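Visitor: Could you walk me through this one? I'd like to start with the core and then go over anything odd in the backbone and the rings.

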Amino acid sequence: MDGATQVIGTNYYDTPTASPAGIGFTLNYEGTKYTEYSVSPDGWILLGGATAVNQFSNATTSATNVPKIYPYWDDLATGTTGNVKILVTGSAPNRIFKVQWFVTIPRATGGAANSTFQAWLYESSNQIEFRYGTLGTDASGGSSVGLTGATATNFQ
């Protein structure tokens, strides 16, 4: 993503961003308004001002780190070349908050990143869209992809 800000760099696994940051606009999700987020290299976003904690185990019924949006939640890592970046595009009231993961699938803390996916959160419509690029093969079969009402798109 051209112009994006890196929020998690190489050689990261499990640890989410240290403190919540601003989305850049107000997102109404399930009737609650959010202006902050935290992000994990494990493929999820926490909405709100709470401090996110490690959660690599993708138990979708967990009450930890909620509300959570997870375009690809698994035990992932940024490896030797990956990262997590954010970018806000557009202008009010039509901005889009984009999060992009460039990670290793399956998790390889010492390997090069091989997988890219994104979550797009839309300002006015409150739509959430998942976008998937090239993905490695998940050998564990234990990843979770989910969000009620989300749409998915492939990109190159």
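Guide: What follows goes through the core, the backbone and the rings in turn, and please keep in mind that this is a predicted model.

Visitor: OK, which residues touch the most other members of the largest nonpolar core?

Guide: Those are I45, L47, W101 and L121, in a core that has 26 residues. The elements that give it two or more residues are β2 (21–29), β3 (32–40), β4 (44–47), β5 (68–73), β6 (83–89), β7 (96–103), β8 (115–122) and β9 (128–132).

Visitor: And what is L47 in contact with, leaving aside its neighbours within four places in sequence?

Guide: With that restriction, L47 is in contact with I23, L27, Y29, Y34, E36, Y37, P67, I69 and L121. Apart from the largest core there is another one, of 5 residues, which includes W44, A52, Y70 and W73.

Visitor: You mentioned P67. Where does it sit, and is the peptide bond from V66 cis or trans?

Guide: P67 is placed in the loop between β4 and β5, and the bond leading into it from V66 is cis, with omega near 0°. There is also a cis bond from A92 to P93, with omega near 5°, and P93 belongs to the loop between β6 and β7.

Visitor: What about N65, what is its phi?

Guide: The phi of N65 is near 55°, which is a positive value in a residue other than glycine. N65 lies in the loop between β4 and β5, and it is buried, with a relative accessible area of 8%. D14, which is not a glycine either, has a positive phi of about 70°; D14 is found in the loop between β1 (5–8) and β2, and because its relative accessibility is 10%, it counts as buried.

Visitor: Switching to rings: how many aromatic pairs are there?

Guide: The structure holds 5 of them. In one of these, the ring centres of Y72 and F117 are 5.6 Å apart and the planes are at 35°, so the pair is tilted. Since Y72 lies in strand β5 and F117 in strand β8, the pair ties together parts that are 45 residues apart in sequence.

Visitor: Are those two buried or exposed, and which aromatic cluster do they form?

Guide: Both Y72 and F117 are buried, and together with W101 they form one aromatic cluster.

Visitor: Last thing, which charged side chains sit over rings?

Guide: The charged end of K68 sits over the ring of W44, at 5.6 Å from its centre, while R131 lies over the face of W120, 3.6 Å from the ring centre.

Terms used. Residues numbered from 1 in each chain as written. Predicted model: local features only at pLDDT ≥ 70, side-chain atom pairs only at ≥ 80, totals over all residues. Heavy atoms only, no water. Core = buried A, V, L, I, M, F, W, Y, C linked by side-chain atoms within 4.5 Å. Buried < 20%, exposed > 50% of the residue type's maximum accessible area, 1.4 Å probe, protein only. Helix = DSSP H or I, 4+ residues; strand = E, 2+ residues; numbered from the N terminus. Contact = heavy atoms within 4.5 Å. Phe/Tyr/Trp six-rings, centres within 6.5 Å; stacked < 30°, edge-to-face > 60°. Lys NZ or Arg CZ within 6 Å of the ring centre and 35° of its normal.
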